[in-house]
Every structure is written in C-alpha cells, then in structure tokens.
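Below are my notes on the model, set out as numbered points. Please read them with the structure open.

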Amino acid sequence: MNNKNLVKFFKAIGNERRLLILQHLFRTKELSVGRISELIHLSFKSTSNHLIILSGADLVQSRQESLHKFYSIKHSSFPPKFLAFFKG
C-alpha cells in the first residue's frame, strides 16, 4: 500500500460511523444501505454518503439488485492487521 492509498484508508476509517459500518459488514458479509442505516441509527442519505467514502477508498464493494444496493467488504484492500481488528 503506497502513501496515497494509506492516507485514503485512514481518512475513510477515521470516522466512528464508518467504523461501525465496516464492523457490521465484517459480521454479516453483505447488507443493503437501508439495513445499514437502521443498524447505525443514521438517515439513509447520510449512510449512503459514508458508503461512498468507503467505496472511494476501495474498502467496500457494491452490487445493485433492483432498487436495492448491497455492500460488502473488499477484503483485499485491508492490511492483515486491520482484518484481525475487525474480526475480533
């Protein structure tokens, strides 16, 4: 991971709500935006904005199914020590 990607990574995880999103995604593998917003007690729009930041840092991936967007962790983007933190 080069310095530019490292800065992006730390900026993306440097927010409590985004950390909560990542923790939920690690536990459940895949969640819709609506479900994530319920779990972290945040509006749909704010949750979407946080997910855009996580996507921009290449930490999550998404798939569209009809009107619903589902997110999951992009494991290859995480340094191994961080994977242990989220799994534990």
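1. Leu59 touches Phe9, Ala12, Ile13, Leu54, Ser72, Ile73, Lys74, Ser77 and Phe78, leaving aside residues up to four places away in sequence. The model is predicted, and the contacts of Leu59 should be read as computed from that model.

2. Leu59 also belongs to the largest nonpolar core, which has 19 residues. Leu59 is among the residues with the most contacts inside this core, together with Leu25, Ile36 and Leu54. Five elements give two or more residues to the core: the helices α1 (3–13), α2 (16–28), α3 (33–39) and α4 (44–56), and the strand β3. The largest share is that of α2, with 4 residues.

3. How do α2 and α4 pack? Their axes lie 10 Å apart, at an angle of about 75 degrees. Angles of 65 to 115 degrees count as roughly perpendicular, and α2 and α4 are therefore placed in that class. On the α2 side the contact is made by Arg17, Arg18, Ile21 and Leu22, and on the α4 side by His50, Leu51, Ile53 and Leu54. Sorted by class, this contact has 5 nonpolar residues, 1 polar residue and 2 charged residues. Leu54 thus appears in the helix contact, among the core residues with the most contacts and in the list of residues touched by Leu59.

4. Asn15 sits in the loop between α1 and α2. Is Asn15 buried or exposed? Its relative accessible area is 23%; buried would require a value under 20% and exposed a value over 50%, so Asn15 is classed as partly exposed. The C-alpha atoms of Asn15 and His50 are 9.1 Å apart, while the two residues are separated by 35 residues in sequence. His50 is also one of the α4 residues in the contact with α2.

5. The sheet is open and has 3 strands in the order β1-β3-β2, with antiparallel pairing. Its edge strands are β1 (30–32) and β2 (60–65), each of which pairs on one side only. On average, neighbouring strands are turned by 30 degrees against each other, direction ignored.

6. Within this sheet, β1 pairs with β3 (residues 68–73) in the antiparallel sense, over 3 bridges. Which residue of β3 is the bridge partner of Ser32? The partner is Phe70. Besides pairing with β1, β3 gives two or more residues to the largest nonpolar core.

Note on methods
Residues are numbered from 1 along each chain as its sequence is written. This is a predicted model: local features need pLDDT of at least 70, side-chain atom pairs count only at pLDDT 80 or more; totals for chains, interfaces and linings use all residues. Side-chain values use heavy atoms; hydrogens and water are left out. Two strands pair if DSSP finds at least two bridges between them. Axes are lines fitted to C-alpha atoms, for helices over the stretch in contact, and angles run from 0 to 180 degrees between N-to-C directions. A nonpolar core is a set of buried Ala, Val, Leu, Ile, Met, Phe, Trp, Tyr and Cys residues joined through side-chain atoms within 4.5 Å. Buried means under 20% relative accessible area, exposed over 50%, partly exposed in between (1.4 Å probe, protein chains only). Contact means heavy atoms within 4.5 Å. Angles under 35 degrees count as roughly parallel, over 145 as roughly antiparallel, 65 to 115 as roughly perpendicular and the rest as oblique. Ala, Val, Leu, Ile, Met, Phe, Trp, Tyr, Cys and Pro count as nonpolar, Asp, Glu, Lys and Arg as charged, and the others, Gly among them, as polar.
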